[in-house]
Amino acid sequence: SIVAGVLEGAYEAKVPVLDSALASLQEAMAVRGIEGFPEMICSASLFEGYKTLVTAKGLGGLRPNTVMLAWPKEIATDGAGLSAEEEEQYCSLLKHVTLAKKTLLICKFGDEPFPASGPPTNGLAARDVRGFGECARQRGFIDVWWIFDLFPANGLMLLLPYLLQQHSVWKRTKTRLFAVCAPSTDLEALRKLLTTMISSGG
């Protein structure tokens, strides 16, 4: 995994803080138990920097095939959202990921931090890390919303929750599958198809 961040501004002006920003990113990854390669770049704007990371970053000839983005924190259920310019920039980034033929994952968090995947590696006690510990072991459901007009019935939509459930943090959860289809869809045939796929392991 490549975990990357963007410093907004001219490269010449941001050089003095690049190393400290990279060190902070490395520390954050260690606290959360995330294994990967940290990277920081400078760009005239955050969204242009993100686009650069989508298409230009990799390890030698290896290029990531999946991009994970955070849902904008400013978007809330109370109706307060992004400005018109920010919405346009965010949607442009999503289109950019699609044009690059990458799988797109958008993570939307609630009030609680996303659960850590493992103990910290920087000397902190597990009890001192938000999101890690017994309370981080998730219960409940992982909901999969499958839009059949957009994604073929090949089972890949079920792969992500399956992989999550192999980890101790998520293994107590159950997967719920919601199929979104056109009004003209034969629901009984669709139900049989999904039942067969699930029974055969996707």
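Partly exposed here means a relative accessible area between the buried limit, under 20%, and the exposed limit, over 50%. Arg-191, at 46% relative accessibility, therefore counts as partly exposed. Keep in mind that this is a predicted model.

**Salt bridges**

Arg-191 is a handy place to start, since this side chain has a charged partner. Glu-188 forms a salt bridge with Arg-191, and their closest N and O atoms are 2.8 Å apart. Both residues sit in helix H5, which covers residues 187–199. They are three residues apart there, or about one turn of the helix. Glu-188 is partly exposed too, with a relative accessible area of 41%.

In total, the count comes to three salt bridges. Here they are side by side:

| Acidic residue | Basic residue | N to O distance |
|---|---|---|
| Glu-48 | Lys-51 | 3.6 Å |
| Asp-143 | Arg-176 | 2.8 Å |
| Glu-188 | Arg-191 | 2.8 Å |

The Glu-48 and Lys-51 pair repeats a spacing you've just met: both lie in helix H2, three residues apart, about one turn of the helix. What about their exposure? Glu-48 has a relative accessible area of 41%, so it falls in the partly exposed class. Lys-51 comes out as buried, because its relative accessible area is 15%, and the cut-off for buried is under 20%.

Then there's the bridge between Asp-143 and Arg-176, with closest N and O atoms 2.8 Å apart. Which elements does this pair tie together? Asp-143 belongs to strand S5 (residues 140–147) and Arg-176 to strand S6 (residues 173–180), so the link joins parts that are 33 residues apart in sequence. Asp-143 is partly exposed at 36% relative accessibility, and Arg-176 is partly exposed as well, at 34%.

**The nonpolar cores**

Now for the inside. In soluble globular proteins, nonpolar side chains tend to be buried together. In this model, the largest nonpolar core has eight residues: Phe-47, Val-54, Val-67, Leu-69, Leu-82, Tyr-90, Leu-93 and Val-97. Which elements give two or more residues to this core? They are helix H2 (46–56), strand S3 (66–70) and helix H3 (84–99). H3 supplies the largest share, with three residues.

Leu-93, one of the core residues, is worth a click in your viewer. Leaving aside neighbours within four places in sequence, Leu-93 is in contact with Phe-47, Tyr-50, Lys-51 and Leu-69. Lys-51 is the buried lysine from earlier, so this residue turns up both in a salt bridge with Glu-48 and in the contact list of Leu-93.

Apart from this core lies another one, made of seven residues, including Leu-7, Leu-18, Ala-21 and Leu-25.

**Out on the surface**

Some nonpolar side chains show up outside too. Ile-2, Phe-37, Leu-59 and Leu-62 make a nonpolar surface patch of about 380 Å². Of these, Phe-37 is found in strand S2, residues 37–43. At 46% relative accessibility, Phe-37 counts as partly exposed.

One backbone detail to finish with: where is Lys-101? This residue is found in the loop between H3 and strand S4 (103–107). Its phi is near 60°, a positive value in a residue other than glycine. Buried or exposed? Lys-101 counts as exposed, because its relative accessibility is 75%.

Methods: Residues numbered from 1 in each chain as written. Predicted model: local features only at pLDDT ≥ 70, side-chain atom pairs only at ≥ 80, totals over all residues. Heavy atoms only, no water. Core = buried A, V, L, I, M, F, W, Y, C linked by side-chain atoms within 4.5 Å. Buried < 20%, exposed > 50% of the residue type's maximum accessible area, 1.4 Å probe, protein only. Helix = DSSP H or I, 4+ residues; strand = E, 2+ residues; numbered from the N terminus. Contact = heavy atoms within 4.5 Å. Salt bridge = Lys/Arg side-chain N within 4 Å of Asp/Glu carboxyl O. Patch = residues over 30% accessible without salt bridge, like charges linked within 9 Å, V, L, I, M, F, W, Y side chains within 5 Å. Areas by Shrake-Rupley, 256 points an atom, 1.4 Å probe, with all protein chains shown as cover.
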